[in-house]
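Welcome to a set of short exercises on reading a protein model. Try each task with the viewer open, then compare your work with the solution below it.

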Amino acid sequence: MKIEFLGTGGAVTIPRPLCQCRVCVEARVKGIPYSRNGPSLFVHGPDVLIDTPEDIYMQMNRSKIKQINAVFYSHWHPDHVMGRRVLESINADFRNYPPASTTTDVYLPQQVAIDFQHRLGSGEHLSFLEKMKYIRLHTLQDGDSVLMEGVEIRPFRLAEDYVYAFLFSEGEKRVLIAMDELNNWDPPREVQEVDVAVLPIGIFELHPLTGERLLPEHHPILKIEATFAETLNIIHKLKAKKTILTHVEEMNRLGFDDLKEIEKQLQRAVHRNRL
């Protein structure tokens, strides 16, 4: 398995339209990796796409993706689903008649399938795409898994029970992918000590380099989103061999160079057994 990060931004990508903050201005000038698109990644091997943000078209066109065996959705939030029309674009044959369209398997974990029926029109849209035979919809009940190219993929609920993470297992190798929403999550034993964990970085209440307060102490988002400090606690409990942090929010106002310095500090802390 190889993981290709298509977009590492959060609910608001970097640069944010019209924003003239230091981070957004720098991102416009320097581009990737200072700029970040919406949250999505691709796992080569089973050839699985997870989530379709608004800019998935651009992400796929610049990627190394050659084929997609399946698409999985982690939850209903707009930054993870609003590019779903790409499923029509990659499969519809508009030129020939009769059309030689192709079909992509789309997997919805149990609660995601329920939420799609009344959130953002996702259920209606996917039903239309299935009627056109561009996709085949599958609902995975909690506990179900899918075997794809020798890789077992098992969705499981996080503490915020509308959102799912995914455990990819191939022989002795295990990869944990949580696209978003770690709030209140306590990693269970069966996902600890994975080879690679992909996690959202969390909200920065305090600037990790200067200690400056970035959000008001009573900001409501701190009750519904995991903070960076809470994410570090989850990493400590998870004990993964390697952890990659993504879903970097524009609101954090941390540029790529800031995050690389944070990475160095965390790696030094790990070596000193302080994390």
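## Exercise 1: The sheet that begins with S1

In this predicted model, 6 strands form an open sheet with mixed pairing, in the order S1-S2-S3-S4-S5-S6.

**Task.** Find which strands stand at the edges of this sheet, and look at how S2 is joined to S3.

**Solution.**
- Step 1. The edges are strand S1 (2-7) and strand S6 (135-140). Each has a single partner strand, so one side of each is left without a neighbour in the sheet.
- Step 2. From one strand to the next, the twist averages 20 degrees.
- Step 3. Strand S2 (residues 40-44) and strand S3 (residues 48-50) run antiparallel and are joined by 3 bridges. Within this pair, Val43 stands opposite Val48 in S3.
- Step 4. Now look for helix H6 (residues 122-131), which lies across strand S5 (104-109) and S6. The helix runs at about 130 degrees to S6.

## Exercise 2: The sheet that begins with S7

**Task.** Work out the strand order of the open sheet that contains S7, and find its edges.

**Solution.**
- Step 1. The order is S7-S8-S9-S10-S11-S12, with 6 strands and mixed pairing.
- Step 2. At the edges stand strand S7 (146-148) and strand S12 (242-246). Because each has a single partner strand, one side of each lacks a neighbour in the sheet.
- Step 3. S7 and strand S8 (residues 151-157) run antiparallel, joined by 3 bridges. Leu147 has Glu152 in S8 as its bridge partner.

## Exercise 3: Nonpolar cores

**Task.** Say which residues have the most contacts inside the largest nonpolar core.

**Solution.**
- Step 1. A useful starting idea is that nonpolar side chains tend to be buried together in soluble globular proteins.
- Step 2. The largest nonpolar core has 59 residues, and Tyr73, Leu87, Leu176 and Trp185 have the most contacts inside it. Helix H8 (residues 228-238) gives the largest share of this core, 5 residues.
- Step 3. Select Leu87: leaving aside residues up to four places away in sequence, Leu87 touches Val71, Tyr73, Val106, Leu126, Leu129, Tyr134 and Ile135.

## Exercise 4: Cysteines without a bond

**Task.** Explain why Cys21 and Cys19 are not bonded.

**Solution.**
- Step 1. A disulfide needs two cysteine sulfur atoms within 2.5 Å.
- Step 2. The cysteine sulfur closest to that of Cys21 is in Cys19, 3.6 Å away, which is too far for a bond.
- Step 3. Cys24 is in no disulfide either, as its nearest cysteine sulfur, that of Cys21, is 3.6 Å away. A search of the whole structure finds 0 disulfides.
- Step 4. Cys21 counts as buried at 11% relative accessibility, and Cys24 counts as buried at 0%.

## Exercise 5: Salt bridges

**Task.** A search of the whole structure finds 14 salt bridges. Describe those of Glu88, Asp195 and Glu263.

**Solution.**
- Step 1. Glu88 pairs with Arg85, with the closest N and O atoms 3.5 Å apart. Glu88 is buried at 12%, whereas Arg85 is partly exposed at 45%.
- Step 2. Asp195 forms a salt bridge with Lys173, at 3.9 Å between the closest N and O atoms. Asp195 lies in the loop between strand S10 (173-177) and strand S11 (196-200), while Lys173 is in strand S10, so the pair ties together parts that are 22 residues apart in sequence.
- Step 3. Glu263 meets Lys260 at 2.8 Å, N to O. In helix H9 (residues 256-271) they are 3 residues apart, about one helical turn.

Technical notes:
Residues numbered from 1 in each chain as written. Predicted model: local features only at pLDDT ≥ 70, side-chain atom pairs only at ≥ 80, totals over all residues. Heavy atoms only, no water. Core = buried A, V, L, I, M, F, W, Y, C linked by side-chain atoms within 4.5 Å. Buried < 20%, exposed > 50% of the residue type's maximum accessible area, 1.4 Å probe, protein only. Helix = DSSP H or I, 4+ residues; strand = E, 2+ residues; numbered from the N terminus. Contact = heavy atoms within 4.5 Å. Pairing = 2+ DSSP bridges. Axes fitted to C-alpha atoms, helices over the stretch in contact; angles between N-to-C directions. Salt bridge = Lys/Arg side-chain N within 4 Å of Asp/Glu carboxyl O.
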